[in-house]
Amino acid sequence: MAAVPTLLVLDADPLPRLGRLMGRVRVLHADEASLAARLPEADVLLVWDTTSHAVRAAWPGEGPRPRWVHTASAGVDHLLCPELVASDTVVTTARGLFDQPVAEYVAALVLAMAKDLPRTWDLQRRGEWRPRESRRVAGTRAVVVGSGPVGRAVARTLKALGVTAAVVGRVPRTGIHGPQDLDRLLARADWVVAAAPLTERTHGMFDLRRFGVMQPSARFVNVGRGRLVVEDALVHALTRRWIAGAALDVLATEPLPADSPLWHVPGLIVSPHMGGDTVGRRDELGEQFVELFERWAAGRTLRNVVDKQRGYVPGH
């Protein structure tokens, strides 16, 4: 290791606060256009711009590559490419910082849909007084697809509302159902929450057949990755009332274009990938990276290491 390691940051605004690392590392900055040229200089790459796919495009180029890549996100589908997967480079994530914020966001969406809040706000804007019945949340059933920290936090938070929550993971174990149980659970669920990582196995898993399995009274929430869902299939299910409603905080294309039909689908709530965005989040992400960097510099084992073949941090 060089006496002063070089840290390359794929920038986003505002830049990360590196605190006690300042003066101990050589910091370089890059955007999508300059990343490929700067990669060979770096010992460590911090992917601060987690909306960018620049790493996937730049990594296969010429020259040395960083020995460690950290992304300030829970997922890694935006940066993994065959060359990075095959390399000796260690990849880590911000796992652990998004669990409870996303779980609270899911709970807010569930309550909003159960209590018909979107319609209440619409009626208020129109000046219409229209009392109606809303749905009780306690006593309903949910299935959470994804048994990582986010999925488990979602299940715990829904249980606090009186919801019976079943969690489905890649491998069955105590308290976690396996994939073979998914269709049976979907057929009985009032709430279906997608919180899985995006892998070859999960890509497009919520398709016409899966939406057809759900109850007409069911509502679907995606806080995992946009491409878990076949969006045309979801639109079909909503417009034909196969299911009662849905909320998407993640989408296949982000930002969602202004002319996308998804903005206007009846019964669909669209939000701009903000479920994990809370006040102070960037400071927490920066502090987590600083702690990981100090472990790396000391030759200690890193936390949140991605199994690059699976596409996520083991333990889901």
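Biologist: I would like to begin at Asn-304, which is placed in the segment that follows α10, and I understand that the model we are reading is a predicted one. What is the phi of Asn-304, positive or negative?

Modeller: As a general idea, most residues other than glycine have a negative phi. In this structure Asn-304, although not a glycine, has a positive phi of about 60 degrees.

Biologist: Is Asn-304 buried or exposed?

Modeller: The cut-off to keep in mind is that a residue counts as buried under 20% relative accessible area. Asn-304 has a relative accessible area of 17% and is therefore buried.

Biologist: Where is Asp-116 placed, and how does one class its accessibility?

Modeller: Asp-116 sits in the loop between α4 and α5 (117-126), and it too is a residue other than glycine with a positive phi, of about 60 degrees. Between the limits of 20% and 50% a residue is called partly exposed, so Asp-116, at 25% relative accessibility, belongs to that class.

Biologist: Which peptide bonds are cis in this model?

Modeller: The general expectation is that most peptide bonds are trans. Here the bond from Asp-13 to Pro-14 is cis, with omega near 0 degrees, and Pro-14 is found in the loop joining β1 and β2. The bond from Glu-254 to Pro-255 is cis as well, with omega near -5 degrees, and Pro-255 is in the loop between β10 (245-248) and β11 (268-270).

Biologist: Turning to the sheet, in what order do the five strands come, and is the pairing parallel or antiparallel?

Modeller: One reads a sheet by following which strand pairs with which, and here the five strands form an open sheet in the order β2-β1-β3-β4-β5, with parallel pairing. Strands β2 (26-30) and β5 (90-92) are at the edges and have a single partner strand each, so one side of each has no neighbour in the sheet. Ignoring direction, neighbouring strands are turned against each other by 20 degrees on average.

Biologist: How many bridges are there between β4 and β5, and what stands opposite His-70?

Modeller: Strand β4 (residues 68-71) pairs with β5 over three bridges, in the parallel sense, and His-70 stands opposite Thr-92 of β5. Helix α10 (residues 281-297) lies across β1 (6-10), β3 (44-47), β4 and β5, and runs at about 165 degrees to β4.

Biologist: At what angle do the axes of α4 and α6 cross?

Modeller: Helix α4 (residues 99-114) and helix α6 (residues 149-160) have axes that come within 8 Å and cross at roughly 45 degrees, and the two helices are therefore described as oblique to each other. Their crossing is right-handed. Among the residues making the contact are Val-102, Val-106 and Val-110 of α4, together with Ala-153, Val-154 and Leu-158 of α6. The residues of this contact divide into ten nonpolar, two polar and one charged.

Biologist: Finally, where does Gly-169 lie, and with which residues is Gly-169 in contact, leaving aside its neighbours within four places in sequence?

Modeller: Gly-169 is in the loop between β7 (164-168) and α7 (182-186), and, with a relative accessible area of 8%, it is buried. Once the neighbours within four places in sequence are set aside, Gly-169 has contacts with Ser-147, Ile-176, His-177, Gly-178 and Pro-179.

Key
Residues numbered from 1 in each chain as written. Predicted model: local features only at pLDDT ≥ 70, side-chain atom pairs only at ≥ 80, totals over all residues. Heavy atoms only, no water. Axes fitted to C-alpha atoms, helices over the stretch in contact; angles between N-to-C directions. Helix = DSSP H or I, 4+ residues; strand = E, 2+ residues; numbered from the N terminus. Parallel < 35°, antiparallel > 145°, perpendicular 65-115°, else oblique. Left-handed = near helix turned anticlockwise from the far one by under 90°. Contact = heavy atoms within 4.5 Å. Nonpolar A, V, L, I, M, F, W, Y, C, P; charged D, E, K, R; others polar. Pairing = 2+ DSSP bridges. Buried < 20%, exposed > 50% of the residue type's maximum accessible area, 1.4 Å probe, protein only.
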